[in-house]
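This report describes the overall build of a protein, its cysteines and the setting of one lysine. The sequence and the structure are shown first.

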Amino acid sequence: MNGYRQLTILGSTGSIGRSTLDVVSRCDNISVFALSAYRNSEMLLTQCLQYEPRYAVLVDPEQHQQFKRLLSESGCKTEFLDTEDALELIAAHEQVDVVMAAIVGAAGLASGLAAVSAGKRLLLANKESLIMSGKLFTEAAKQNNADIIPIDSEHNAIFQCLAETRSGLSVTDRRFVDKLVLTASGGPFLNTPKEVLAKVTPEQACAHPKWSMGQKISVDSATLMNKGLELIEASFLFDLPGTAIDIVVHPQSIVHSMVYYRDGSVLAQLANPDMRVPIAYGLAFPDRMASGAEVLDLTRQPALEFSKPDVDRFPCVSLGRAALEAGGTAPAVLNAANEIAVAAFLSNRLGFQQIPVIIEAVLSKTPCEPAVSLDIIQGADSAARIAAKELI
Ligand code: NAD
Ligand code: MG
């Protein structure tokens, strides 16, 4: 994509949203068309003053009055959109070229889908939307000529390693690929004994050794559900079965993932753990731009280690694999149960090791249907949320 482009950021006040704005500040051919946040009106206003988007969306109705007042007092020219479909509107607006999907959880589904249905380039950080809707999402992109560029560092790495083999976005030749290997940092409890895991707190779970991220994905990284989710994400993105996707623990988070080819060649993408690298890649593709990330110096790196994940201490990896194999609405059920269990853990209503127990119970009691429509998927999502809340 060459030339000047207009960008919408869904979830601009979050960790990925702020990193995206940081990258945008470094280039002069991207302008911010719209920003959105859930309820942080002050941060959204600061961003509006700095980036002067045409539109801003604040989802929580309780914050609307305050935001309107702040906006008019500041003299900012940004227009506040407060309609129910405001997120979809800024995602699909005809003047927008690129959409960063950085809302957390299922809440990002409708706007992400609106962006691909309108043929936008979608920079996909919000993995949950793809995991829930799978083929429905990728087919909508295909039918409307929308490019999905994964921002999740592992999938971005694989995308880069596959991109080496092709001239256009759509012609990846799967026949040459033996398997994908997703790397996992292992999270803050990589070496924590099982007995101790029972007592870990939300603060400990959110203190990730390598990445600074939002709370939900930090807990997902601690339980390794993040890898279970990423397995499903990779399967949908790259159209490969779960049997062709392995997971390897790599605590240094330097090798972001790998593609194994037929002839024994393995391509990997390396970088310091900084989300601005995949974000800059997605914004500039097929060109390259400066991201602000520190240059990787392998001579000053400790040894790079790789090992198999411990599925006994971290059963969420196997739950992700099981949901992918079950297919249909199972990934949506897994995702919804996980969102509810993680929220309960974060508010001290559920123990860390109960997270997989709840998810497994919800998966086994919720019937799995073919995920052929958004209604069916949203029905499965709601049923799983209710079931998880009852169990908790
Ligand atoms: P975050 O919690 O820091 O930010 C979430 C953003 O979404 C905020 O702007 C918030 O206002 C908005 N939001 C929350 N609930 C909303 C709702 N109901 N409706 C509309 N907007 C809402 O999260 P994050 O760490 O930036 O992660 C965002 C997404 O990117 C997640 O799907 C996560 O899995 C994925 N991701 C993040 C990282 C990372 O390093 N942070 C890495 C890979 C993938
Ligand atoms: Mg990731």
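A residue is called buried when its relative accessible area is under 20%. By that cut-off, 56% of the 392 residues of the protein count as buried. The model is predicted, and the values below are computed from it.

**Overall build**

The protein contains 17 helices and 11 strands. Its radius of gyration is 20 Å, close to the 21 Å that the globule rule gives for 392 residues, so the protein is as compact as a globular protein of that length. Along the principal axes, the C-alpha atoms fill a box of roughly 55 × 50 × 45 Å. Among contacts with a separation of 6 or more, 70% are accounted for by residues 24 or more positions apart.

The accessible surface comes to about 16900 Å², and carbon and sulfur atoms hold 51% of that area. As for charge, the protein has 33 positive and 44 negative charges, and the mean positions of the two sets are 3 Å apart.

**Cysteines**

How many disulfides are there in the model? The count comes to 0 disulfides. C27 is in no disulfide, since the nearest cysteine sulfur, that of C48, is 19 Å away. For C76, the closest cysteine sulfur is also in C48. That sulfur lies 5.1 Å from the sulfur of C76, which is too far for a bond because a disulfide requires the two sulfur atoms to be within 2.5 Å.

Both C27 and C76 fall under the burial cut-off, with relative accessible areas of 17% and 15%, respectively. The table sets these two cysteines beside K120, a buried lysine.

| Residue | Relative accessible area | Class |
|---|---|---|
| C27 | 17% | buried |
| C76 | 15% | buried |
| K120 | 7% | buried |

**The setting of K120**

Where in the chain does K120 lie? K120 is placed in the loop between helix α5 (109–117) and strand β6 (121–124). K120 counts as buried because its relative accessible area, 7%, is under 20%.

Neighbours within four places in sequence left aside, K120 is in contact with A91, A92, H93, E94, V96, D97, V99, A115, A146 and D147. The acidic residues E94, D97 and D147 are among these contacts. K120 and S25 are 95 residues apart in sequence, and their C-alpha atoms are 21 Å apart in space.

Technical notes: Residues are numbered from 1 along each chain as its sequence is written. Chains are lettered from A and ligands numbered from 1 in the order in which they are written. This is a predicted model: local features need pLDDT of at least 70, side-chain atom pairs count only at pLDDT 80 or more; totals for chains, interfaces and linings use all residues. Side-chain values use heavy atoms; hydrogens and water are left out. Buried means under 20% relative accessible area, exposed over 50%, partly exposed in between (1.4 Å probe, protein chains only). Helices (H or I, at least four residues) and strands (E, at least two) are DSSP runs, numbered from the N terminus. The radius of gyration is taken over C-alpha atoms; the globule rule is 2.2 Å times the number of residues to the power 0.38. Contact means heavy atoms within 4.5 Å. Accessible areas come from the Shrake-Rupley method with a 1.4 Å probe; for residues, only the protein chains shown count as cover. Lys and Arg count as positive and Asp and Glu as negative; His and the chain ends are not counted. The place of a charge is taken as NZ of Lys, CZ of Arg, CG of Asp or CD of Glu.
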